[in-house]
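Hello,

Here is the structure I promised to pass on to you. Have a look at it first, and then read my notes below.

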Amino acid sequence: MSSIKRKSTPQNHESGQHDPFAALRFRDYRLFTIGRLLLSIGSQMQTVAIGWELYERTDSALALGGVGLAQVLPIIALTLIAGDLADRRDRKITVLSSVILLAFCSLALAVLSYTKGAIFLIYACLMLSGVARAFLKPAGDALMWQLIPVSAFTNAATWNSSSFQLAAVIGPALGGFGIALLGSATGVYILAAIASFFCFCLTAAIKEQPNTRTKEPISLQALSAGMKFLWQNQLILAAITLDMFAVLFGGAIALLPIFAKDILHVGPVELGYLQAAPSIGALIMAVSLAYLPPLRKAGPALLWSVVGFGVITIIFGLSRWFWLSLLMLVLSGALDSISVVIRHTLVQIRTPDHLRGRVAAINSVFISASNELGGFESGLAAAIFGPITAVVGGGVGTILVVLAVAKIWPGMVKLGALQELD
């Protein structure tokens, strides 16, 4: 771990007693988490507005598919540079600059929406927001873990997951309501910009944080130090590989419109329930984990949660009953939340401070690639084999990935309490 002296845990709780609010008792972490929650809600609202407006103006499914691609390409292209910057410069300044750029993009989208500007300019804004997110993710993740002691890492991971899932539930609903109330997407973009502004203010109020900045001269070796670290720490590599392939093979979210209309024979309201179900399950599980004692056998818990994710995906693919399908999606989100908390905690506990930005950047690429490519893989498999075979096959593939990870990295099976790794 870094040589930086860590914050001490508040003394108003009995020693050894599990505190579900341990991370939230630190002022700067609270400010950061609330700011990130507001930013995420604004982003989710904006995503709904962009999809609605683009489809209304183009009536093209391809135009919708380009939204995610336009945002993920800059993240992949700038991974090494953004990670190195997070370890070389003031992380708080990088976060603030990225948030300002996101606010500018939202305001630009509002102008384009109001004036019915060219479609290619909308994609240009999306790519620019992707650039902002490419720098925001590694710097923000690295900064966040400086705000709390190592003993609160697992608890912080649960609240991070909770806030993300809360935004995933609230944001789309507010976005749809905003479009209906205001009559267009323009106002939603303005609200997203306001959310970015509040995030900026809350982050600016965080006290200056000391961190061990890398002193290496800029070089390919320095830029690739995060990848080298992951390769040398096989348990971290195993955890993020497991998560990436589980999402890549096991995700059925991209095919939900097909299942709702053609298999479950339900309407758009039920489709909304299906889309929200994984986030609801993940939110419930994340809050539950915050109250439960830390996991004593993190490795087996991670492996079994992904196996369960695969099994539930298979059941969902075979289901013809709406309520069973809804339940499976809720459970899939809950099990995914377990793996997310374990993976995030493992990565942060084992990563030295001067490498946090570069490792976070690579981790974000794994996540972005699995989400975007997972949707593409699901669509391609559904086009070739049909949606049911695609989803069931993906669930089987997920289980096979777990078996492969356990075989290649046997240390994962023996991984115990994460707090004991420091």
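Asp141 counts as buried, since its relative accessibility is 8% and the cut-off for buried is under 20%. This aspartate lies in helix H5. Across the fold, its C-alpha is 10.0 Å from that of His344, although 203 residues separate Asp141 and His344 in sequence. Please keep in mind that this is a predicted model, so I come back to confidence further down.

Since we are on H5, here is the rest of that helix. H5 covers residues 119–144, which is 26 residues. From its first C-alpha to its last it reaches 36 Å, close to the 38 Å expected at 1.5 Å a residue. Where does H5 bend? The bend is at Leu136 and comes to about 25°, with a proline, Pro138, following within four residues.

H5 also has a partner in a loop. Leu78 sits in the loop between helix H2 (61–77) and helix H3 (79–88). Not counting residues up to four places away in sequence, Leu78 touches Val131, Ala134 and Phe135. For Leu78 and Val131, the C-alpha atoms are 7.6 Å apart in space, while the two residues are 53 apart in sequence.

Just ahead of H5 there is a backbone detail to look at. Lys116 is found in the loop between helix H4 (91–115) and H5. Its phi is positive, about 55°, although Lys116 is not a glycine. Most residues other than glycine have a negative phi. Is Lys116 buried or exposed? Lys116 is exposed, because its relative accessible area is 53% and exposed means over 50%. Asp59, just after H1, takes a positive phi of about 55° as well.

H1 itself (residues 27–58) is a helix of 32 residues. At 1.5 Å a residue H1 should span 46 Å, and its end C-alpha atoms are 46 Å apart, so the two values agree. Tyr29 is one of the residues in contact with Asn160, leaving aside neighbours of Asn160 within four places in sequence; Met144 and Trp145 are the others. Asn160 belongs to helix H6 (residues 153–182). With a relative accessible area of 12%, Asn160 is buried.

Now for Thr186, which is in helix H7. What does its side chain pair with? A polar contact of 2.8 Å joins the side chains of Thr186 and Ser113. Beyond residues up to four places away in sequence, Thr186 touches Ala110, Ser113 and Tyr114. Thr186 is buried because its relative accessibility is 12%.

Further along the chain, Leu271 has its place in helix H12 (residues 268–291). Leu271 is buried too, at a relative accessible area of 17%. The C-alpha atoms of Leu271 and Leu326 are separated by 9.7 Å, with their positions 55 residues apart along the chain.

Helix H13 (residues 298–318) reaches 30 Å from its first C-alpha to its last, close to the 30 Å expected for its 21 residues at 1.5 Å a residue. H13 is mostly covered, with 15 of its 21 residues buried.

Stepping back to the whole chain, the secondary structure comes to 16 helices and 0 strands. Buried residues make up 53% of the 422 residues. Among contacts with a separation of 6 or more, 87% are between residues 24 or more positions apart. The accessible surface comes to about 18800 Å², and carbon and sulfur atoms account for 70% of that surface.

Finally, the confidence I mentioned. The protein chain has a mean pLDDT of 80, and 81% of its residues reach 70 or more. Over residues 1–16 the pLDDT is below 50, and this stretch has 36 contacts in the model beyond near neighbours in sequence. Which helix has the lowest confidence, and which the highest? Confidence is lowest in helix H8 (residues 220–223), at a mean of 55, and highest in helix H7 (residues 186–204), at 95. Where pLDDT is low, the predicted coordinates should not be read in detail.

Happy browsing, and best wishes!

Key. Residues are numbered from 1 along each chain as its sequence is written. Side-chain values use heavy atoms; hydrogens and water are left out. pLDDT is the predictor's confidence in each residue, from 0 to 100. Helices (H or I, at least four residues) and strands (E, at least two) are DSSP runs, numbered from the N terminus. Contact means heavy atoms within 4.5 Å. Buried means under 20% relative accessible area, exposed over 50%, partly exposed in between (1.4 Å probe, protein chains only). A polar contact is a pair of N or O atoms within 3.5 Å; within protein, one must be able to donate a hydrogen and the other to accept it, and residues adjacent in sequence count only if both atoms are side-chain atoms. The expected span of a helix is 1.5 Å times one less than its number of residues. The bend at a residue is the angle between axes fitted to the seven residues ending there and the seven starting there. Accessible areas come from the Shrake-Rupley method with a 1.4 Å probe; for residues, only the protein chains shown count as cover.
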